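Let's take a walk through this one together. Have the sequence and the model side by side, and follow along from the start of the chain.

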Amino acid sequence: MSLTDIVFIVIPIVAAMLIALSVSTGKLRREYYWAVIPLAAIAMITLLLTA
């Protein structure tokens with residue numbers, strides 16, 4: 001796994017999962033849930049480009 005894969009796929013997915021988990025457990029308000037979409041989109045686009 002190269003550094004590009006880690007930066008553009010692993011880190012955004014982990015950040016999106018942490019934000020979604022924080023919202024679902026009540027640590028963050030629902031307004032922060034919008035941040036999951038761009039992070040997941042970055043990971044998805046990078047996966048499509050590197051496949």
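Where is the place of Met1 relative to H1? Met1 sits in the segment before H1. Keep in mind that what you are looking at is a predicted model. Met1 counts as exposed because its relative accessible area is 77%, and the cut-off for that label is over 50%. Exposed or not, Met1 still has partners: leaving out residues up to four places away in sequence, Met1 touches Ile6 and Val10.

Now step back for the overall picture. The chain has two helices and zero strands. Its C-alpha atoms fill a box of roughly 35 × 15 × 10 Å along the principal axes. Of the 51 residues, 18% count as buried. The chain exposes about 4,000 Å², and carbon and sulfur atoms supply 76% of that area.

On to the helices, beginning with H1, which covers residues 3-25. Does the length add up, or what should you expect here? With 23 residues at 1.5 Å a residue, H1 should span 33 Å, and the end C-alpha atoms are 31 Å apart, so the two values agree. H1 does bend, though: the angle is about 25 degrees at Val10, and Pro12 follows within four residues. Just after H1 comes Gly26, which takes a positive phi of about 90 degrees.

Which residues in H1 are buried? They are Ile9, Pro12, Ala16, Ile19 and Val23. So Pro12, the proline that follows the bend at Val10, is also one of the buried residues of H1, that is, under the 20% cut-off. Part of the cover for these buried residues comes from helix H2, residues 36-50.

Finally, look at the outside. A nonpolar patch lies on the surface, with about 1,000 Å² of accessible area together. Its members are Met1, Leu3, Ile6, Val7, Phe8, Val10, Ile11, Val14, Leu18, Leu21 and Ile42. Which helix gives the most to this patch? That is H1, with nine residues. Met1, from the segment before H1, belongs to the patch as well, and so do both of the residues named earlier as its contacts, Ile6 and Val10. Val10 is thus worth finding on the model: H1 bends there, Met1 touches it, and it is part of the nonpolar patch.

Conventions. Residues numbered from 1 in each chain as written. Predicted model: local features only at pLDDT ≥ 70, side-chain atom pairs only at ≥ 80, totals over all residues. Heavy atoms only, no water. Patch = residues over 30% accessible without salt bridge, like charges linked within 9 Å, V, L, I, M, F, W, Y side chains within 5 Å. Areas by Shrake-Rupley, 256 points an atom, 1.4 Å probe, with all protein chains shown as cover. Salt bridge = Lys/Arg side-chain N within 4 Å of Asp/Glu carboxyl O. Expected span 1.5 Å × (residues − 1). Bend = angle between axes of the 7 residues up to and from the residue. Buried < 20%, exposed > 50% of the residue type's maximum accessible area, 1.4 Å probe, protein only. Contact = heavy atoms within 4.5 Å.
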